[in-house]
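Dear colleague,

Here is the structure I promised to pass on to you, and below it I have written down what was found in it. Please read the notes with the coordinates open beside them.

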Amino acid sequence: MTVEDPRHKAAPRPATTVAAFFDLDKTIIARSSAYAFGRQFMESGLLSASGMMQMALGQAMYISGGHDHDQMEAARDQLSAMVTGWRADHVRRIAEESLHQVISPYVYKEAIDLIRHHRALGHDVYVVSASATELVEPIAAELGVRETVATRLEVVDGVYTGEVPFFCRGGNKATELRRIAAERGYDLSRCYAYSDSGTDEPMLSVVGHPVAVNPDKALRKIAEECDWPIRIFRSPVPLFRRTGPRVTGIAAVTAGAAALVAGIIASRRGGGDA
């Protein structure tokens, strides 16, 4: 009979070689994180009325189907021009203070359950998004996720310069996943990735377990051709039992009206990527 050396039991558990990478918009949440805070930015004096109209138009286009490649490039340029001169800490504070109102009600229960499932298996979990880091990190934190991959905006003396050192979209997502895997020892053939967008095909293709979630037309076609699993998330639930004192009935009506107007203006379709 072989007696196990007790020192082996005391040995530290090796780091996981598996990670699960979750796209954010329309995969974890049922709306665009990039446009969700528009009203709060205007109320804080960061956005002008014309800037708010541009964001409303962008939101309308997103609701009607998302962004294709050219629209995403235009969105990056718009983002760069819009945030130049903003204080990064101000943006993060707005995101943190507004989470209960603009993000919490739109989180898919199925995504929450899946994140918990991966964590229970000992997998590392990442939120991957084309939205700016200052917006993505507070959302991920409320989901219990510490790791994010997001668009990085250049900050000098606490202020955005308008430069975008890393735009987290398309092939850039796949490149970043490879870098992270090499740095942290993940076996990408054992990793998972979840997204709704055909423009995320590079990210999905780089892992061994790609999953199409609420896929747009382009991703559905790719998933069917590649025999990737397709999952439909339908149940947005609040992350919080209660909303904060700043969330009033008037605020809820205003947000609903804005969404209705955005839906009315929508006239074009494309592929989401955030």
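Leaving aside residues up to four places away in sequence, Thr 133 touches Arg 92, Pro 138, Ala 150, Thr 151 and Arg 152. This residue, which is found in helix H8, counts as buried because its relative accessibility is 15%, below the 20% that sets the limit for burial. Please bear in mind throughout that this is a predicted model.

The contact between Thr 133 and Arg 92 leads on to the pairing of two helices. The axes of helix H6 (residues 88-102) and helix H8 (residues 133-142) come within 8 Å and cross at roughly 35 degrees, and the crossing in which H6 passes H8 is right-handed. On the H6 side, Ala 88, Val 91, Arg 92, Ala 95, Glu 96 and Leu 99 take part, and they meet Thr 133, Glu 134, Leu 135, Glu 137, Pro 138, Ile 139 and Glu 142 in H8. Sorted by class, this contact of H6 with H8 holds 7 nonpolar, 1 polar and 5 charged residues.

A second threonine, Thr 148, is found in strand S4 (residues 147-151). Is Thr 148 buried or partly exposed? With a relative accessibility of 21%, Thr 148 counts as partly exposed, since burial requires a value under 20%. Not counting residues up to four places away in sequence, Thr 148 touches Tyr 126, Val 127, Val 136, Glu 137 and Ala 140. Of these, Val 127 is 21 residues from Thr 148 along the chain, and the C-alpha atoms of the two are separated by 4.7 Å.

Turning to helix H7 (residues 109-120), its 12 residues should span 16 Å at 1.5 Å a residue, and the C-alpha atoms at its ends are indeed 16 Å apart, in agreement with that expectation. The buried residues of H7 are Ala 111, Ile 112, Leu 114, Ile 115 and His 118. Because these residues cover an arc of only 165 degrees around the axis, they lie on the same side of H7, whereas Arg 116 and Ala 120, on the other side of H7, are exposed. What covers the buried residues of H7 includes several strands, namely S1 (19-23), S2 (107-108), S3 (124-132), S7 (192-195), S9 (230-231) and S10 (236-237). Just after H7, Gly 122 takes a positive phi of about 85 degrees.

Helix H9 (171-184) can be described along the same lines. H9 has 14 residues and reaches 20 Å from its first C-alpha to its last, close to the 20 Å expected at 1.5 Å a residue. Which residues of H9 are buried? They are Lys 173, Ala 174, Glu 176, Leu 177, Ile 180 and Ala 181, and, seen down the axis of H9, these buried residues fall within an arc of 165 degrees, so they line one face of the helix. On the other side of H9, Ala 182 and Glu 183 are exposed. The buried residues of H9 pack against S1, S3, S4 and helix H10 (201-205). Just after H9, Gly 185 has a positive phi of about 80 degrees.

In the loop between strand S6 (159-160) and H9 lies Phe 167, which is buried, with a relative accessible area of 7%. Phe 167 and Ser 131 are 36 residues apart along the chain, and their C-alpha atoms are separated by 8.6 Å.

You may also wish to look at two residues other than glycine for which phi is positive. Lys 26, in the loop between S1 and helix H2 (33-36), has a phi near 70 degrees. Asp 157, placed in the loop between strand S5 (155-156) and S6, has a phi near 55 degrees, and Asp 157 counts as exposed because its relative accessibility is 73%.

Finally, some totals for the protein chain may help you to place these details. The chain has 12 helices and 10 strands, and buried residues make up 46% of its 274 residues. Among contacts between residues at least 6 apart in sequence, 68% join residues at least 24 apart.

With best wishes

Technical notes:
Residues numbered from 1 in each chain as written. Predicted model: local features only at pLDDT ≥ 70, side-chain atom pairs only at ≥ 80, totals over all residues. Heavy atoms only, no water. Helix = DSSP H or I, 4+ residues; strand = E, 2+ residues; numbered from the N terminus. Expected span 1.5 Å × (residues − 1). Buried < 20%, exposed > 50% of the residue type's maximum accessible area, 1.4 Å probe, protein only. Arc of directions from axis to C-beta. Contact = heavy atoms within 4.5 Å. Axes fitted to C-alpha atoms, helices over the stretch in contact; angles between N-to-C directions. Left-handed = near helix turned anticlockwise from the far one by under 90°. Nonpolar A, V, L, I, M, F, W, Y, C, P; charged D, E, K, R; others polar.
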